[in-house]
Amino acid sequence: MDENFQEERCTGMIKFTPPLYKQRYQFVKDLVGKYKPKKVADLGCADCTLLWMLKFYNCIEVLAGLDICASVMKEKMHRLYPLPADYLQPSERSLTVTLHHGSVAHEDPCMLGFDLVTCIELIEHLEESELEKFPEVVFGFMAPTMVVISTPNSEFNPLLPGVTVFRHQDHKFEWDRAQFQSWALDAAKRYGYSVEFTGVGNPPTGMEDVGFCTQIAVFVKKYPQTSEPAQSKKPTEAAYKTVRFSGNWFRLFAKS
């Protein structure tokens, strides 16, 4: 499923420059450039595009992706392989990239200790039972310093040609701004986060009242962990299957 392609068709009569999906990725890249996290996890990583973009940031030492569809990750994960230049000009930088197959409704200790967790156009794909578990898994168990969640703004949908119910056939729901903010504020309050709202995809002139096409919530943990998080709840067994693991690429090159 190529959701970016379908999205481009839906937004065909409203020109977003750059395309909307690139604006979402740029939002994350700007946060990484500003806060310089060392460990980043992308939940719902799909074709690994965001991970591929983030692997070029020198501040990042660990990248992890999680998706329910292993075949999509496997098809595109070659983009995460080292470049020829990495062999020709080795660096002392250490970068570990891991891809996992599993559900965001399950807890796995491999997802502990991350500075930034991104969930870009993910939650609208979750079944009701998965969405109910999602806040506890991400904010309660994983408890990263920062979480970024983006999702469609349904108030924008009447401006999109061809959209009658949802923007994508796999979407289980699409929230308006009040619904998304209510959900996000409740999660922030329960798990000790602050949250700010923004978005990407400006509406046409004169229609500013519908808000951004994509709405975004940025959560920041109020009280950073002073020790390893969620120890009392740490599962005894892994819930995810590792699709691919690459350890210390650049450091190994330097020694070869």
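A residue counts as buried when its relative accessible area is under 20%, as exposed when it is over 50%, and as partly exposed in between (1.4 Å probe, protein chains only). The model is predicted: local features need pLDDT of at least 70, side-chain atom pairs count only at pLDDT 80 or more, and totals for chains, interfaces and linings use all residues. Residues are numbered from 1 along each chain as its sequence is written, and side-chain values use heavy atoms, with hydrogens and water left out.

**View 1. Tyr223 is an exposed residue in a loop.** The relative accessibility of Tyr223 is 64%, so this residue counts as exposed. The loop that holds Tyr223 runs between β7 and β8 (241-246). Helices (H or I, at least four residues) and strands (E, at least two) are DSSP runs, numbered from the N terminus. Thr145 is 78 residues away from Tyr223 along the chain, yet their C-alpha atoms are separated by 8.7 Å.

**View 2. The whole chain has eight helices and eight strands.** The chain holds 256 residues, and 50% of them count as buried. About 12,800 Å² of the chain is exposed, with 53% of this area supplied by carbon and sulfur atoms. Such areas come from the Shrake-Rupley method with a 1.4 Å probe; for residues, only the protein chains shown count as cover. A contact means heavy atoms within 4.5 Å. Among contacts between residues at least 6 apart in sequence, 77% join residues at least 24 apart.

**View 3. The largest nonpolar core has 38 residues.** A nonpolar core is a set of buried Ala, Val, Leu, Ile, Met, Phe, Trp, Tyr and Cys residues joined through side-chain atoms within 4.5 Å. Which members touch the most other members? They are Leu54, Leu99 and Val148. Two or more residues each come from α2 (20-35), α3 (49-54), α4 (70-76), β3 (96-101), β4 (116-120), β5 (146-152) and β7 (214-221). Helix α2 gives the most, with seven residues. Another core, of 35 residues, lies apart from this one; among its members are Leu43, Val104, Leu122 and Trp183. In soluble globular proteins, nonpolar side chains tend to be buried together.

**View 4. Trp52, Phe56 and Leu83 make a nonpolar surface patch.** The area of this patch is about 270 Å². Patches are made of residues with over 30% relative accessible area and no salt bridge; like charges are joined within 9 Å, and nonpolar side chains (Val, Leu, Ile, Met, Phe, Trp, Tyr) within 5 Å. Phe56 sits in the loop between α3 and β2 (62-67). Its relative accessible area is 43%, so Phe56 is partly exposed.

**View 5. Arg79 and Asp47 form a salt bridge.** A salt bridge is a side-chain nitrogen of Lys or Arg within 4 Å of a carboxyl oxygen of Asp or Glu. By this rule there are five salt bridges. In the pair of Arg79 and Asp47, the closest N and O atoms are 3.8 Å apart. The pair links distant parts of the chain, 32 residues apart: Arg79 is in the loop between α4 and α5 (84-88), and Asp47 is in the loop between β1 (39-43) and α3. Arg79 is partly exposed at 25% relative accessibility, and Asp47 is partly exposed at 22%.

**View 6. Two salt bridges involve residues of helix α7.** Glu155 meets Arg177 in one of them, at 2.8 Å from N to O. Here Glu155 lies in the loop between β5 and α7 (177-191), and Arg177 lies in helix α7, 22 residues apart. Glu155 has a relative accessible area of 29%, so this residue is partly exposed. In the other, Asp186 pairs with Arg190, and the closest N and O atoms are 3.1 Å apart. Asp186 and Arg190 both belong to α7 and are four residues apart, about one turn of the helix.

**View 7. Thr17 and Pro18 are joined by a cis peptide bond.** Omega of this bond is about -5 degrees. Pro18 is in the loop between α1 (3-10) and α2. Most residues other than glycine have a negative phi, and most peptide bonds are trans.

**View 8. Glu121 and Ala143 have positive phi values.** Phi of Glu121 is about 50 degrees, although Glu121 is not a glycine. Glu121 is in the loop between β4 and α6 (128-142), and its relative accessible area of 10% makes it buried. Phi of Ala143 is near 50 degrees. Ala143 is in the loop between α6 and β5 and is buried, with a relative accessible area of 9%.

**View 9. Residues 249-256 have a pLDDT below 50.** pLDDT is the predictor's confidence in each residue, from 0 to 100. The chain averages 87, and 81% of the residues score at least 70. Beyond near neighbours in sequence, the stretch 249-256 has 23 contacts in the model.
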